[in-house]
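Colleague: I have a fresh model open on my screen and would like to walk through it with you. Could you take my questions one at a time?

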Amino acid sequence: MNRHRLRRWLGRTGLYASVILLVSPAVLFFLWMLSLSLKNELDNTAYPPVFIPHPPTLANFVDVFEKNDFLTYTINSVIVSFSATGLALLLGVPAGYGIAKAKATKAAALILVARVTPGLSYLIPLFLMFQWLGMIGTLTPLVITHLVITVPIVVWIMIGFFEGLPGELEEAALVDGATIWQAFVHVAMPLARPGIMVAMILSFIFSWNNFIFGVVLAGRTTRTLPVAVYNVLTFEQISWGPLAAAALVVTAPVLLLTLLMQREIVAGLTAGGVKGG
Amino acid sequence: MSATAATTLLRPDARRGRAYARHYWAFAVPAATVVLLVILFPWIFTVFMSLHDWKVTGATPFVGLANYAKMLQDERFLWAIVRTVWFTIGTVVAPMLLGVWAAVCFASNFRLRGLARTLFVLPMMATPVAIALVWTMMFHPQLGVLNYLLTSVGLPPSSWVYDSSTVIPTLVMVETWQWTPLVMLIVLGGIASLPLEPYEAAILDGASAWQMFRHITLPLVWPFIMVAAVIRLIDALKTFDTIYVITLGGPGTSSETLNILLYQTAFAYYDLGYGSAIVVVFFLLILLISLLLLRVRQREAWR
């Protein structure tokens, strides 16, 4: 009896120790990022390092927006990610429905190919094409290439969702004389709203995070935030405070979304193993 | 659209479901068109370009397979392959081991599990470029916080990404930190779907936690582990952001993987013909692994 209890106690302790060990690299990293962004330059280059900002300052954040035109880049990022996500929903939700209903596993495999292809591998011809069309320097090429990330995510998640829905309600609608389009819009889509939410969040996040398309296709005024923050590193003398602040500005929306929508995000990621780029 | 729907409506009820199956294709046409335009056209054009000596300006003479022949003699390319393999092994094995361990932990019940899981998932959701910049600051040889932590526990400082012998292990560490959560989520999904009966029986027989993991969890979750492994393998080969931001393939070319070399060839040296040839080889490699993924998925469905 006593041995049994000891074993149980050891098991619990081991579990808690493991969880702390697993979670702490993530937690400590983001705390250090926050710490860097809230310290003045003197404390940031001090050795041994200063861990807790004293006093904390927002000067780095002000600096980022004043010196680097981050407002423009934020607007660019918002336009690109929202357009790419919106278009992907428009194209991908019906596609997911069609593939799920027709049980078209081959089409699903095609989506998988889009998921595994490295983004860089179709950038050479697209870069040339956009150059011929005179579109370099506008946001259009970015929106179009981001579709490569967002459409597969949406289709993939929606296939899973529509497959899980019972078909009886739509069949009833069809018997009552609805067209399949009406059955889709008025019956299946409202039922799949949670799935659309998951698809929207994930496709937005992975579009927002994308770097590789921007670094090749964006001009000086059309940079998205990830490209802009990379340029802070290369073109300024390294000052850690503003750099950390800029990094935090770029990734904060995504981190907040993850914290607020954790249930949806975990469900979506578990289903598809999705990742952009 | 409405015309076809109307004609189908005239059919007897019993056949309706099957008759509709064909029309559901129409729903996928717009998405398929976009995917084909944005992906298929570039592939065909890439193969075409790889057969030419194609710079951004000037003539583009046909050179046959010369670009491919050049690859076999290009030491930089061959070294990039070696490095990619080495980097890929590291960034598959480490996240797989840690990810399975994490999944087993997060499958048990404990206080604040939801919060812990969300915090654990944050690295894979965060913007890779932003993350990479912060790592770069942490790796600073004199002022970086990591060397401070190492020396404060009595270990020698590391040169992290500033030395050719430590750069790849360091990048593997960053990738492991970032992508272990994805493995964890996929495997956790597998564990969550397991039946409870074998565990109940094992507890009655007095099995230890390790025995239960080894003889029940591991064999039953194996298909999910394989899916996670193949997904990780593909993502590892595709790694770009982290390496580009932290080292740009340096110091020298000691962390230049295939993807970085591809970027440099095409967009720094503007040798688009040779870059395209590298793309073709790279793509064939990825396609081979994707077929592997499909087979794994099918096997999973058969069980």
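Colleague: What percentage of the 303 residues of chain B count as buried?

Modeller: Keep in mind that this is a predicted model. A residue counts as buried if 20 or more other C-beta atoms lie within 10 Å of its own. Of the 303 residues of chain B, the share that passes is 43%.

Colleague: Which elements make up chain B, and how many helices are there?

Modeller: Reading chain B from the N terminus, every element in the run is an α. The count of strands is zero, and the count of helices is 14.

Colleague: What share of the contacts in chain B with a separation of 6 or more comes from residues 24 or more positions apart?

Modeller: Two residues are in contact if their C-beta atoms lie within 7 Å. Among contacts in chain B with a separation of 6 or more, the part from residues 24 or more positions apart is 70%.

Colleague: Now chain A. What span should helix 7 have, and how far apart are its end C-alpha atoms?

Modeller: Helix 7 of chain A covers residues 140–164, which is 25 residues. At 1.5 Å a residue it should span 36 Å, and the distance between its end C-alpha atoms agrees: 36 Å.

Colleague: Where does helix 7 of chain A bend?

Modeller: The bend in helix 7 of chain A is about 35°. A proline, A:Pro152, follows within four residues of the bend, which is at A:Val148.

Colleague: How many of the residues of helix 7 of chain A are buried?

Modeller: Helix 7 of chain A is largely enclosed by the rest of the structure. That follows because, of its 25 residues, the number buried is 21.

Colleague: Are helix 13 of chain A and helix 7 of chain B roughly parallel or roughly antiparallel?

Modeller: The axes of helix 13 (residues 240–260) of chain A and helix 7 (residues 128–138) of chain B come within 9 Å and cross at roughly 155°. The crossing is left-handed, and residues that meet there include A:Leu243 and A:Val250 from chain A and B:Leu133 and B:Met137 from chain B. Angles over 145 degrees count as roughly antiparallel. Helix 13 of chain A and helix 7 of chain B are therefore roughly antiparallel.

Colleague: How are helix 1 of chain A and helix 6 of chain B oriented to each other?

Modeller: Helix 1 (residues 2–38) of chain A packs on helix 6 (residues 113–125) of chain B at about 55°, with the axes 9 Å apart. The crossing is left-handed, and among the residues that meet are A:Leu22 and A:Phe30 of chain A with B:Phe120 and B:Pro123 of chain B. Helix 1 of chain A and helix 6 of chain B are therefore oblique.

Colleague: How do helix 3 and helix 13 of chain A lie relative to each other?

Modeller: Their axes are 8 Å apart and the packing angle is about 75°. Contacts come from residues including A:Phe61 and A:Val64 of helix 3 and A:Pro242 and A:Val249 of helix 13. Angles of 65 to 115 degrees count as roughly perpendicular. Helix 3 and helix 13 of chain A are therefore roughly perpendicular.

Colleague: Is A:Ile124 buried or exposed?

Modeller: A:Ile124 lies in helix 6 (residues 123–132) of chain A. Beyond its neighbours within four places in sequence, A:Ile124 is in contact with residues of chain B, including B:Met49, B:Leu272 and B:Val279. With 26 other C-beta atoms within 10 Å, A:Ile124 is buried.

Colleague: Which residue does a cis peptide bond join to A:His54?

Modeller: Most peptide bonds are trans. Here omega is about -5°. The partner of A:His54 sits in the loop between helix 2 (41–44) and helix 3 (59–68) of chain A, and that partner is A:Pro55.

Colleague: B:Leu112 has a positive phi; is B:Leu112 buried or exposed?

Modeller: Phi of B:Leu112 is near 65°, and B:Leu112 is in the loop between helix 5 (75–107) and helix 6 of chain B. With 11 other C-beta atoms within 10 Å, B:Leu112 is exposed.

Colleague: And B:Trp160, buried or exposed?

Modeller: B:Trp160 also has a positive phi, about 45°, and is found in the loop between helix 8 (145–152) and helix 9 (167–192) of chain B. Given 25 C-beta neighbours inside 10 Å, B:Trp160 counts as buried.

Note on methods: Residues numbered from 1 in each chain as written. Chains lettered and ligands numbered in written order. Predicted model: local features only at pLDDT ≥ 70, side-chain atom pairs only at ≥ 80, totals over all residues. Helix = DSSP H or I, 4+ residues; strand = E, 2+ residues; numbered from the N terminus. Expected span 1.5 Å × (residues − 1). Bend = angle between axes of the 7 residues up to and from the residue. Buried ≥ 20, exposed ≤ 12 C-beta atoms within 10 Å, placed from the backbone. Axes fitted to C-alpha atoms, helices over the stretch in contact; angles between N-to-C directions. Parallel < 35°, antiparallel > 145°, perpendicular 65-115°, else oblique. Left-handed = near helix turned anticlockwise from the far one by under 90°.
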